Amino acid sequence: MTEIELLSWARGPGLQIATIIFVAGVVIRIFEILMLGRKANLAEAKGSEMSSGLKTIVSRTVPDRDTFQRSGLTIVAGYFFHFGLFVTFFLYAPHILFIKDLIGIGWPALPTPVVDAVAVVTIISMLAVLVNRLTNKVMRYLTNFEDLLTWFLTIAPLVTGYMAFHRMGFTAPTLLATHILSVELLLVIFPFTKLMHSFTLFLARWYNGAISGYRGVAS
Amino acid sequence: MSDISNDADFRQILQDLGSLQQRQIAARFVEHVLSLSDDDRLDRVIKTVADKDASEDELAGALKSAKAATFDSHARCGAEGHWSEQAGYFVARAAVAAGTPPAQSRVGGPAWQAAMSARMAYTSMLIDDDSSQQSAHTECEWQYQSLSDYLNV
Amino acid sequence: MSASLEKGINALKEQVDSTVAAFFSSCVHCGMCAQACLFFTETGDPSRTPINKTEPLRRIWKSEYTLLGRIGKILGLSKKVDEKLLTDWETLVYDSCTLCGRCSMVCPVGNDITLMIRKTREGMVAAGHAPEGLIGATKRAVTIGSPMGVTWKALSAQIRHVEEDTGLKIPVDVEGVEYLLLLSSMEIMNFPEFIEAVAKIFDQTNSSWTISSEAFEATNSGIQIGASDIAAELVQRIVDVAEKLKVKTVISPECGHAYMAIRWDGPNLIGRPFLFKVRHILEVLDDLRTQGRLKISGKEARKLTYHDPCQISRRGGVIDEPRRLIDMFSDNFVEMPDGGKMNWCCGAGGGVSANERADEIRLKVFQRKKDQIDAVRPDAILSACSNCRIHLEDGLEEYNMDIPLLSLTETIAEHLEGSEV
């Protein structure tokens, strides 16, 4: 297969297959959770479930003072790369055009040099995250194959995208195909890993706030 | 000194006593139930508390000993409670009360607190002892008499 | 209660609901929960990371309730729950956890890890892997009516003492009153002055109340061991009596897990709402304060601080009430660092203090409380749980710190207008 054929496949059938698996996978995983249901709480309520749940979705983003003191690196590195992923994916002009093609909606982009710089910071954050994971006693104990796999799947599009933009080492079509394939790999494996947290954390945080709020405690 | 026959009088008289007197009568109350505890430290504690020449350091040491005795003898949450052993806990508590300076004592003063805990020690012993014909009031009566005797000396 | 691995696995399956599934799906192995748990922070042992304690439940969730997991199970690739796992996990799930709830407050993805550990206990106990001390306590609770074997005979002896000491009559088995007071075995055995305090307060505020000779025990060992059926039975006894006596409110005393058991778990355990309210003694006192019926005089000069019992504050919702009450008699109150919702556990709840095997670690993790106390250097510490009290006292004595532990209810009683000070 020539590099052009590879690129065509990646942009065409590859993307279609990956997207279908991704969407179906995410839907199945969420359905799997919701269909289990939970029993109604028969105790006399002290606070509201719904409003507490919604509050926690937002408030859990901010750690308390003691937690921040103890887990500072984990928190900061974590926010850096999440923020970086958001910027490099959603605020980069070619990505926005690609989405506009798909769903008809676009939005303003950040200047490309800015996105480029953010990409570098994000990659560095991702490396910091890996080092932390391998050196922090607790994280090392918890870490399994899936943690390392998802780390790789997340950094690959960043690195390959950066390389593609800067035309590093290979021809443009090869670099672009590699980048798109790395995204497709991420999409396909995503629903079967902890990356699902990007969707399920809204549920988890809501449940947490609801359970606690019912008892009159803001969590 | 007329006979003491009820708690209201008993308590009032105890509270009006000076700190040395409270210590000494409290020590008597504890001594009476000492046999319900198998903690050897309490014997020494009570002797120190009753001693009018005991120094502040010695009293502090005795109090510390008594407190340690309470920690070693209390019922553990969830563990099987034995009231005969719990009697020992209340004896230790009575010793703590006796050795506590009036300023830091719980409501009623050291002697009253010691009397109460001593009674609880006796009651605890009775809870486990089905065959006993005695009632808790026996200890009460003994304490009234003991105070009367102490004041008449 | 015949236990088996199969029963354990079935119990775990039953515990998986949408909350559990959402939580396990979201865990990203960040390890932040460990930093909230005093059993990790004071030992440095990563196996005590809270989310790790839920491993038996996680394996069941994965292999039974996820697509990939079910495929894995068919292919024989899934991690199993076996005797070895449960044996290894006993000291993590029971000895190293008080269900204090701090982990649930810090997890960035929002996992209620405490709930997950509680659910894991259901499987452990059904499989016969609960600590001996707890099993004994539970048996006594079911057969005698108290985990420590306290009988009505013993309680009535204590009641007689209280009546002698106060000159007040303690109402027993009275119908139609406002409050039914429950008591924990710890209070009956170690702190009978709590009963005195309540009697005096209710006398001053003209509150109608009673104790029941048939159901006086507040402690619920079923909750601690993680056996919902036993917990339900113990709750049912209280419910039957409360409804028979037609009381308006059942009062949970100064015992942490008792409150959680009757207030929040109770109706869900027996499967229907109660026909009466449940309140913690501090809530009742705060209510009386709001109504202007609680009259206090005299101030505590000592520098005071408050230890929040986990099940009452963070897990129970009674956080502000104690502070409003303390305000009544103290102008010299300081909060510990992290005081309030995020206060640190004393290390003894959730069955830990009933478990002799956990003695060493319990004393070790006390260091966390000690650090908090050292930071404020109080003259005395107030709290509202007998187990916290005695464990804090034990710990302080171990470190030669002479700081008295005071019951908040008893302190209020001592400051009642008209009482001798």
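The following paragraphs describe the chain contacts, the domains, the strand pairing and two backbone outliers of a predicted model.

Two pairs of chains are in contact, and chains A and C share the most contacts of these. Chain A and chain B, by contrast, do not touch, and 26 Å separates their nearest C-alpha atoms. The arrangement of the chains is therefore treated here through two interfaces, A with C and C with B.

Chain A contains nine helices and zero strands. Its elements accordingly read α-α-α-α-α-α-α-α-α from the N terminus on. The C-alpha trace of this chain spans about 65 × 35 × 35 Å along its principal axes. Chain A has 219 residues, of which 33% count as buried. Where contacts in chain A link residues at least 6 apart in sequence, 77% of them join residues at least 24 apart.

The contact between chains A and C takes 47 residues from chain A and 49 residues from chain C. On the side of chain A that touches chain C, two or more residues each are given by α1 (3-34), α3 (65-90), α6 (137-142) and α9 (197-214) of chain A. The most is given by α9(A), with nine residues. By class, this side of chain A comprises 19 nonpolar, 13 polar and 15 charged residues.

The second interface, between chains C and B, takes 33 residues from chain C and 23 residues from chain B. The elements of chain C that give two or more residues to the side touching chain B are α10, α11 (152-166), α12 and α20 (386-398). Of the elements on this side, α11(C) gives the most, with seven residues. The residues of chain C on the side that touches chain B divide into 13 nonpolar, ten polar and ten charged.

The domain assignment of chain C gives domain 1 (5-130), domain 2 (134-290) and domain 3 (304-414). A distance of 22 Å lies between the C-alpha centres of domain 2 and domain 3 of chain C. The contact between these two domains takes 29 residues from domain 2 of chain C and 29 residues from domain 3 of chain C. On the side of domain 2 that touches domain 3, the elements giving two or more residues are α10 (132-143), α12 (185-190), α13 (193-204), α14 (221-225), α16 and α17 (281-290) of chain C. By class, this side of domain 2 has 15 nonpolar, six polar and eight charged residues. Helices α10 and α12 of chain C are thus named both for the side of domain 2 that touches domain 3 and for the side of chain C that touches chain B.

Parallel strand pairing is found in chain C at two places described here. Strand β3 (residues 249-252) of chain C runs parallel to strand β4 (residues 277-280) of chain C, and four bridges join the two. Within this pair, C:S252 stands opposite C:H280 in β4(C). From β3(C) the chain passes through helix α16 (residues 256-270) of chain C to β4(C), in a β-α-β crossover that is right-handed. Helix α16 of chain C is also among the elements that domain 2 presents to domain 3.

Further along chain C, three strands form an open sheet with parallel pairing, in the order β5-β6-β7. Its edge strands are β5 (304-306) and β7 (405-407) of chain C, each of which pairs on one side only. From one strand to the next, the twist averages 35 degrees. Strand β6 (residues 380-383) of chain C pairs with β7(C) in the parallel sense over three bridges. In this pairing C:L382 stands opposite C:L406 in β7(C).

Two arginines have an unusual sign of phi for a residue that is not a glycine. In chain A, A:R167 has a positive phi of about 45 degrees although it is not a glycine. A:R167 lies in the loop between α7 (145-165) and α8 (172-189) of chain A. Because A:R167 has 10 C-beta neighbours inside 10 Å, this residue counts as exposed, the cut-off for exposure being 12 or fewer. In chain C, C:R377 likewise has a positive phi of about 45 degrees without being a glycine. C:R377 is placed in the loop between α19 (359-376) and β6 of chain C. With 11 C-beta neighbours inside 10 Å, C:R377 also counts as exposed.

Definitions and conventions. Residues are numbered from 1 along each chain as its sequence is written. Chains are lettered from A and ligands numbered from 1 in the order in which they are written. This is a predicted model: local features need pLDDT of at least 70, side-chain atom pairs count only at pLDDT 80 or more; totals for chains, interfaces and linings use all residues. Two strands pair if DSSP finds at least two bridges between them. Axes are lines fitted to C-alpha atoms, for helices over the stretch in contact, and angles run from 0 to 180 degrees between N-to-C directions. A residue is buried if 20 or more other C-beta atoms lie within 10 Å of its own, exposed if 12 or fewer, and partly exposed in between; C-beta atoms are placed from the backbone. Two residues are in contact if their C-beta atoms, placed from the backbone, lie within 7 Å. A crossover is right-handed if, with the strands pointing away from the viewer, the path from the first strand over the helix to the second runs clockwise. Ala, Val, Leu, Ile, Met, Phe, Trp, Tyr, Cys and Pro count as nonpolar, Asp, Glu, Lys and Arg as charged, and the others, Gly among them, as polar. Domain bounds come from an automatic or database domain assignment.
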